[in-house]
Amino acid sequence: MSDEIKVTLLTNVLRTFGLSEQAIDELVLYVEDLSAEAEPATDGPEPFRLREHFLSAAEHRFYLVLREATQGWAQVYPKVGLGSLFYATCSGYSQYLADTHRINHNHVDFLLCRPDSLRPALGIMLDAKGERSAGSRQADGFVAAVFAAAGLPLIHIPVQRSYNAQELAGRLSRAAKLPQLDAGAQPVATPPCCPRCGSEMELGVATGGILVWMCTNFPCCRAVRRVEPELRRTRA
Ligand SMILES: [Zn+2]
């Protein structure tokens, strides 16, 4: 049976389940991916090569500033697949597969994580200059919707010739609700235990920009504790 006939058959079968055309397209793509993976290995090396560039020149330039701007208070990861960050929660299996396929095929340009726990704190999309294609606008909209649904903040930063690391640090730390600790305030004191649930606590920024210990069990537990005075020194 030719691949084309298989796809038509599969599409017709899926239509009988009353799925939306979009869900059917996603599922067909997913099945095509799966069957491509199942292709028997040929003699000789697998047909894969290392890409010449992991990051574009603009992404790399931004990454270097990002690393400087977040030094000591956040870890930077470039090009993180949404499938490593989020999972789908829909009840139907076919919708679950379609949604999982969609998140597996999208990424966030940069991810900031808390320095020790590596808990994700902020997604960053670097917006290229000029008119964006309908496809990339649609992908951007999907990524934004996934972040919003999962309650993880996401910001867009336009590509620039140069960036002000300090300005960027302020913007990122506010968006991520992470404190920019002064190098002189390190190492940070041992985190206390949560008075409510016993989980470990970590430094965070409460509303109004106040440095507090927050429960790592957030959002299930919203307990906060005052921070020792010697830790309160933070960069503006
Ligand atoms: Zn707690």
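This report walks through the sheets, helices, cores and unusual backbone angles of a predicted model.

## The four-stranded sheet

Let's start with the sheet that much of this report comes back to. It is open, has 4 strands in the order 1-2-3-4, and its pairing is mixed. Strand 1 and strand 4 (154-158) are the edges, each pairing on one side only. From one strand to the next, the twist averages 30 degrees.

Strand 1 (residues 75-81) is joined to strand 2 by 6 bridges, and the two run antiparallel. Within that pair, P78 has F110 of strand 2 as its bridge partner. On the next step across the sheet, strand 2 and strand 3 are also antiparallel, paired over 4 bridges. If you would like to trace the register here, L112 is bridged to L122 of strand 3, and L111 has G123 of strand 3 as its partner.

Strand 2 (107-113) and strand 3 (120-127) are linked by a loop that holds L118. The two strands form a hairpin with 6 residues between them.

How enclosed is strand 2 by the rest of the structure? It is largely enclosed, because 6 of its 7 residues are buried.

## Helices on the sheet

Two helices are worth viewing together with these strands. Helix 3 (57-69) lies across strand 1, strand 2 and strand 3, and runs at about 145 degrees to strand 1. Helix 7 packs on the sheet too, touching strand 2, strand 3 and strand 4, and its direction makes about 130 degrees with that of strand 3.

Helix 7 covers residues 165-176, and its 12 residues reach 16 Å from the first C-alpha to the last, close to the 16 Å expected at 1.5 Å a residue. Its buried residues are A169, L172, S173 and A176. These span an arc of only 95 degrees around the axis, which means that they sit on the same side of helix 7. That fits a general feature of the α-helix: with 3.6 residues a turn, residues three or four places apart point the same way. The cover over the buried residues of helix 7 includes helix 3, strand 2 and strand 3.

Helix 5 (residues 93-104) makes a nice companion case. Its 12 residues should span 16 Å at 1.5 Å a residue, and the end C-alpha atoms are indeed 16 Å apart, so the two values agree. A98, H101 and R102 are buried in helix 5. Their arc around the axis is only 100 degrees, which places them on the same side of helix 5.

## The nonpolar cores

The largest nonpolar core has 20 residues, and those touching the most other members are A74, L112, A121, L122, L172 and A176. Helix 3, strand 2, strand 3, helix 6 (134-150) and helix 7 each give two or more residues to this core. A176 is a handy residue to centre your view on: leaving aside neighbours within four places in sequence, its contacts are A74, L112, A121, L122 and P153. Apart from this core lies another, of 8 residues, among them C194, L211, M214 and V227.

## The three-stranded sheet

A second open sheet has 3 strands in the order 5-6-7, with antiparallel pairing. Strand 5 (201-206) and strand 7 (224-225) are its edges, each pairing on one side only. Strand 5 and strand 6 (residues 210-215) run antiparallel and are joined by 6 bridges. One of the partnerships is that of L203 with W213 in strand 6.

## Positive phi angles

Most residues other than glycine have a negative phi. The table gathers residues with a positive value.

| Residue | Phi | Location |
|---|---|---|
| K79 | near 45 degrees | strand 1 |
| L118 | near 60 degrees | loop between strand 2 and strand 3 |
| K177 | near 55 degrees | follows helix 7 |

Is K79 buried or partly exposed? It is partly exposed, because 13 other C-beta atoms lie within 10 Å. L118, in the turn of the hairpin, has 12 C-beta neighbours inside 10 Å and so counts as exposed.

Methods: Residues numbered from 1 in each chain as written. Predicted model: local features only at pLDDT ≥ 70, side-chain atom pairs only at ≥ 80, totals over all residues. Expected span 1.5 Å × (residues − 1). Arc of directions from axis to C-beta. Contact = placed C-beta atoms within 7 Å. Pairing = 2+ DSSP bridges. Axes fitted to C-alpha atoms, helices over the stretch in contact; angles between N-to-C directions. Core = buried A, V, L, I, M, F, W, Y, C linked by C-beta atoms within 7 Å.
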